[in-house]
Amino acid sequence: MSHNLYTSETPDDVKNAKGIHLVTQNTPNGQAVQIFLEELKDAYGLEWTTTLINISTNVQKSDWFLRLDPNGRIPILIDNTQSPPFTVHETSAELFYLLKFADKQDKFGFTNDLERNQALQWTFFWHGSGAPYQGQVNHFSRAAPEKIPYAITRFKNETLRVYGVLEIHLSGKYTGEPREYLAGHGKGKYSVADIKTWPWVKGWERTGFTKEEVSAFPHLLKWIDRIAERPAVQRGIGDAYVQS
Ligand SMILES: N[C@@H](CCC(=O)N[C@@H](CS)C(=O)NCC(=O)O)C(=O)O
């Protein structure tokens with residue numbers, strides 16, 4: 001169906017891209033894929049191109065965009081090395097696509113099936129139970145035209161609850177063995193599960209939580225700092241992804 005992928009409205013940098021192309025904005029969902037691409041650059045020298053859009057203009061609902069992602073949301077990954085070019089939407093699916101096709105040595109994934117399943121569990125956990133809740137806190141406390149205390153409280157409490165789940169896991173409360181990363185045997189290994197989760201959780205203050213509220217999650221706070229030190233992570237949320 002590649003003949004239907006691009007139209008005269010599709011921006012030139014999207015339709016003329018040759019390799020892996022990312023359409024993104026520097027939001028937590030965009031940052032997850034931005035970070036992984038930067039990690040793959042450091043690990044393998046991966047090259048890709050990027051188009052930055054501004055979702056406040058609703059460009060993501062235009063026909064050229066919906067052809068690439070019927071869900072009308074960023075980020076989108078387009079792999080022009082496939083024939084026909086292959087599109088991927090949903091951050092977690094994009095991370096697992098890159099893991100399969102660009103991380104040949106599973107540096108950010110696992111060869112062991114049980115560890116690989118752990119990476120899936122924690123990626124799904126954040127995709128299904130973290131991002132939607134924290135996203136709704138952001139929406140109801142910042143974007144909604146009227147402030148609805150029930151909605152703000154409900155989604156804040158749910159977000160704190162899922163932070164608590166991560167804290168239980170990282171602290172080793174029930175295993176006796178604290179972890180450094182979400183998936184993998186022992187202390188775990190930095191993987192796509194962390195890359196999916198980190199861009200959201202690191203934004204707790206911006207979402208409106210207080211230092212007192214997050215002080216209940218000391219292992220989670222250390223995990224945030226541990227990952228923040230990675231050069232690829234810093235680049236993946238950095239100036240290159242800020243629209244001028
Ligand atoms: N489940 C999707 C969510 C993507 C998403 O919500 N993206 C937001 C930005 S963080 C977006 O494009 N919002 C624009 C809109 O809703 O029109 C994913 O994980 O990729």
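Let me start with the domains: the domain assignment splits this protein into domain 1, residues 12-107, and domain 2, residues 113-230. Keep in mind that the model is a predicted one. Between the C-alpha centres of domain 1 and domain 2 the distance is 23 Å. Where they touch, 11 residues of domain 1 are in contact with nine residues of domain 2. On the domain 1 side, H2 and H4 each supply at least two of the touching residues. H2 gives the largest share, six residues. By type, that side of domain 1 has seven nonpolar residues, four polar ones and no charged ones.

There is also a record to mention. UniProt, in an unreviewed entry, lists residues 112-244 as "domain: GST C-terminal". In the model, that span is 67% helix and 0% strand, and its end C-alpha atoms lie 43 Å apart.

Next, helix H7, residues 192-201. How many of the residues of H7 are buried? The count is 10 of the 10, so H7 is largely enclosed by the rest of the structure. Among those buried residues are Trp198, Pro199 and Trp200, and the list also includes Asp194 and Lys196. As for what covers them, the elements include helix H2 (28-44), helix H4 (91-102), helix H5 (113-143) and helix H6 (149-171). Helix H8 (204-207) and helix H10 (218-228) are also among the covering elements.

Staying with helix H10, one residue to look at there is Lys222. Lys222 counts as partly exposed because it has 14 C-beta neighbours inside 10 Å. In sequence, Lys222 is 52 residues from Leu170, while their C-alpha atoms are 9.7 Å apart in space.

Now to the strands. Strand S3, residues 76-79, pairs with strand S4, residues 86-89, in the antiparallel sense over four bridges. One of the bridge pairs joins Asp79 to Phe86 in S4. S3 and S4 make a hairpin, with six residues between them.

Two cis peptide bonds belong to this part of the talk. One runs from Ser83 to Pro84, with omega near -5 degrees, and Pro84 sits in the loop between S3 and S4. Another runs from Ile74 to Pro75, with omega near 0 degrees. Pro75 is in the loop between helix H3 (63-66) and S3.

That brings me to the ligand. Which residues surround the ligand? The shell consists of Thr27, Pro28, Asn29, Ile55, Gln60, Gly72, Arg73, Ile74, Glu90 and Thr91. By type, the shell divides into three nonpolar residues, five polar and two charged. Ile74, from the cis bond to Pro75, is thus one of the residues around the ligand.

Glu90 is another member of that shell, and its backbone deserves a remark. Phi of Glu90 is near 80 degrees, a positive value in a residue other than glycine. Glu90 lies in the loop between S4 and H4. Is Glu90 exposed, partly exposed or buried? With 17 other C-beta atoms within 10 Å, Glu90 is partly exposed, since being buried takes 20 or more.

Asn58 also has a positive phi, near 70 degrees, and is again a residue other than glycine. Asn58 is in the loop between strand S2 (48-52) and H3. Having 11 C-beta neighbours inside 10 Å, Asn58 counts as exposed.

To finish, back to H7: 10 of its 10 residues are buried, and H2 is one of the helices covering them. H2 also gives the largest share of the domain 1 side that touches domain 2.

Key
Residues are numbered from 1 along each chain as its sequence is written. This is a predicted model: local features need pLDDT of at least 70, side-chain atom pairs count only at pLDDT 80 or more; totals for chains, interfaces and linings use all residues. A residue is buried if 20 or more other C-beta atoms lie within 10 Å of its own, exposed if 12 or fewer, and partly exposed in between; C-beta atoms are placed from the backbone. Two residues are in contact if their C-beta atoms, placed from the backbone, lie within 7 Å. UniProt positions are given in the numbering used here, feature names are shortened, and annotations may be inferred rather than shown by experiment. Two strands pair if DSSP finds at least two bridges between them. A residue is near a molecule or strand if its C-beta atom, placed from the backbone, lies within 6 Å of it. Ala, Val, Leu, Ile, Met, Phe, Trp, Tyr, Cys and Pro count as nonpolar, Asp, Glu, Lys and Arg as charged, and the others, Gly among them, as polar. Domain bounds come from an automatic or database domain assignment.
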